[in-house]
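Here are a few notes to read alongside the model. Take them one at a time, with the structure open beside you.

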Amino acid sequence: MGGLRPWARYGLLILAHLLALGLGAAVLQALEGPPARRLQAQLRAELATFQAEYGACLPTGALEELLGTALAAQAHGISSLGNVSKAGNWDLPSALLFTASILTTTGYGHMAPLSAGGKAFCVVYAALGLPASLALVATLRHCLLPLLSCPVAWVAVRWQLTPARAALLQALGLGLLVAGIFVLLPALLLWGLQGDDSLLETIYFCFGSLSTIGLGDLLPGRGRDLNPVLYHLGQIALLGYLLLGLLAVLLAVETFSELPQVRALVKFFGSSGPLTAEDQGGILGQDELALSTLPPSTAAPEQAPAC
């Protein structure tokens, strides 16, 4: 593998990506196809039953026209099912959650602009806001990574770990911390509050939010007759969860991306040259991780200064 030319490595990477896409599509087709067909058949049967009972009282095509209007409104987050919690679809909490979903690229799709001015504003707002959000995240990452590396530095000194082992310990620790605090704990909380949602569904929602996939098929409080105050408090809580959770996930991803093994893999696909000392040093050589507090006695013998 080391003798492959760069274009061959890129070809293998693209081929692996296409195979992963095909495999994912095949698995989802096998899992989701049958229940989707059953739901479609159930819907058709209910429509046929309704038309058989009330068809004489309805003009031809009236039901289809009503359903089309309701579905078009639902696509923009407007429901006519009498849910008082969503009476004001574009009130301040709802608008804040919508802008947060834009700037975090989550994009739940639970509501969308109707006016031409709103759509044009979203384009300009995202074009200006996304770079600003990335700059803010980069600044916070630079400030927080040294703080997160302090416990690992203490453990590395106490246990006399090698830099590579300390780097792996930091990545695993941060990954477990993010998974526990920002995925499992909120999922358990939603599971207890929602009642009719399974634990798998709440974990699915939390992971979809923090990975910025945001399919929008699950949203806390959606479709429920909640008190407007409780519903808006939930929206504000979700806004804070998105902002803090996304930052935590990016910190974890940054830490994993600086592991020596990951850097070696990237180097393999990026160049045919040998690995440099920087690539082999891993994240402990990065200034933002601030693990320079390790005493000289813990350094590897080959890193000791020459006499």
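1. Start with the second largest pocket, where 20 residues form the lining and Leu103, Thr104, Ser133, Val137 and Leu243 lie nearest the centre. A pocket here is an open set of points on a 1 Å grid over the protein atoms alone, with protein on both sides within 12 Å along at least five of seven lines, and lining residues have an atom within 4 Å of a point.

2. Bear in mind that this is a predicted model: local features need pLDDT of at least 70 and side-chain atom pairs 80 or more, while totals for chains, interfaces and linings use all residues. Residues are numbered from 1 along each chain, and side-chain values use heavy atoms, without hydrogens and water.

3. Which elements give two or more residues to the lining of the second largest pocket? They are α3 (92–103), α4 (116–159) and α7 (228–257), helices being DSSP runs (H or I) of at least four residues. The largest share, 7 residues, comes from α7.

4. By class, this lining has 15 nonpolar, 5 polar and no charged residues. About 420 Å³ of space lies in the pocket, counted as the space filled by probe spheres set on the grid points.

5. Now look at helix α5 (residues 163–194) and helix α6 (residues 199–210), which pack at about 135° with axes 8 Å apart. α5 and α6 are therefore oblique to each other (neither under 35 degrees, nor over 145, nor 65 to 115).

6. Their contact (heavy atoms within 4.5 Å) includes Phe182 and Trp191 of α5 and Phe205 and Leu210 of α6. It has 12 nonpolar, 1 polar and no charged residues.

Notes: Axes are lines fitted to C-alpha atoms, for helices over the stretch in contact, and angles run from 0 to 180 degrees between N-to-C directions. Ala, Val, Leu, Ile, Met, Phe, Trp, Tyr, Cys and Pro count as nonpolar, Asp, Glu, Lys and Arg as charged, and the others, Gly among them, as polar. On a 1 Å grid over the protein atoms alone, a cavity is a set of points where a 1.4 Å probe fits but cannot get out, and a pocket is an open set with protein on both sides within 12 Å along at least five of seven lines; lining residues have an atom within 4 Å of a point.
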